[in-house]
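Here are a few exercises to work through with the model open in your viewer. Try each task before you read its solution.

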Amino acid sequence: MEKILQTYLRRLTNLSGNNRSLLMLRTVSEHFIDVHEFDFLQNEPSFQVIHQMIAGKSSIRLCAQVDPRDTKSNDVSRRLKKLQRIDKFIFEERGSKDL
């Protein structure tokens, strides 16, 4: 049990230069998305998404998954899907949730 706790402690106190929680010199566009990009994709301002996050909603609808009439919605949906794949890959490889 103590070895498991030590492993978790090492993961939590990762002070290496690769830890994005401590220092980020430049942002990688494929790893981040601005909340303002959700502005009026669901007929409400992007600030409403922040209100729902603060309220602790378990499910927040951000945009339509595929809508052939709306190119902005398709772009945001594609970026969200890519972000989800990257997060899943990082979790499988390192065992940490970076989001």
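**Exercise 1.** In this predicted model, find which residue meets the side chain of Glu37 in a salt bridge, and work out where the two partners sit.

*Solution.* Start at the carboxylate of Glu37: the side chain of Arg79 meets it in a salt bridge, at 2.8 Å from N to O. Next, place both ends. Glu37 belongs to the loop between H1 and helix H2 (46–55), while Arg79 is in helix H3, so the pair links distant parts of the chain, 42 residues apart. Finally, check the surroundings: Glu37 counts as partly exposed at 24% relative accessibility, and Arg79 is partly exposed as well, at 31%.

**Exercise 2.** How many salt bridges does the count come to, and what is the sequence separation of Asp75 and Arg78?

*Solution.* The count comes to two. Besides the Glu37–Arg79 pair, the side chains of Asp75 and Arg78 meet at 3.0 Å, N to O. These two residues both lie in helix H3, three residues apart, or about one turn of the helix. Now classify them, with over 50% as the cut-off for exposed: Asp75 has 38% relative accessible area, so Asp75 is partly exposed, whereas Arg78 reaches 53% and is therefore exposed.

**Exercise 3.** Is Ser73 buried or exposed, and what does Ser73 touch?

*Solution.* First, locate Ser73 in helix H3 (residues 71–94). Its relative accessible area is 1%, so Ser73 is buried. Then list the contacts, leaving out residues up to four places away in sequence: Leu41, Cys63 and Ala64.

**Exercise 4.** Which residues make up the largest nonpolar core?

*Solution.* Try Val76 as a starting point. Skipping residues up to four places away in sequence, Val76 touches Ile33, Glu37, Phe38, Leu41 and Cys63. The largest nonpolar core has five residues in all: Phe38, Leu41, Val49, Cys63 and Val76. As a general backdrop, nonpolar side chains in soluble globular proteins tend to be buried together. For the whole chain, 18% of the 99 residues count as buried.

**Exercise 5.** Which residues make the nonpolar surface patch of about 480 Å²?

*Solution.* Head for the surface and pick out Met1, Ile4, Leu5 and Tyr8. One of them, Ile4, lies in helix H1 (residues 2–12). Ile4 has a relative accessible area of 45%, so Ile4 is partly exposed. To put the patch in context, the protein chain exposes about 8600 Å², with carbon and sulfur atoms supplying 54% of it.

Note on methods. Residues are numbered from 1 along each chain as its sequence is written. This is a predicted model: local features need pLDDT of at least 70, side-chain atom pairs count only at pLDDT 80 or more; totals for chains, interfaces and linings use all residues. Side-chain values use heavy atoms; hydrogens and water are left out. Buried means under 20% relative accessible area, exposed over 50%, partly exposed in between (1.4 Å probe, protein chains only). Accessible areas come from the Shrake-Rupley method with a 1.4 Å probe; for residues, only the protein chains shown count as cover. Patches are made of residues with over 30% relative accessible area and no salt bridge: like charges are joined within 9 Å, nonpolar side chains (Val, Leu, Ile, Met, Phe, Trp, Tyr) within 5 Å. A salt bridge is a side-chain nitrogen of Lys or Arg within 4 Å of a carboxyl oxygen of Asp or Glu. Helices (H or I, at least four residues) and strands (E, at least two) are DSSP runs, numbered from the N terminus. Contact means heavy atoms within 4.5 Å. A nonpolar core is a set of buried Ala, Val, Leu, Ile, Met, Phe, Trp, Tyr and Cys residues joined through side-chain atoms within 4.5 Å.
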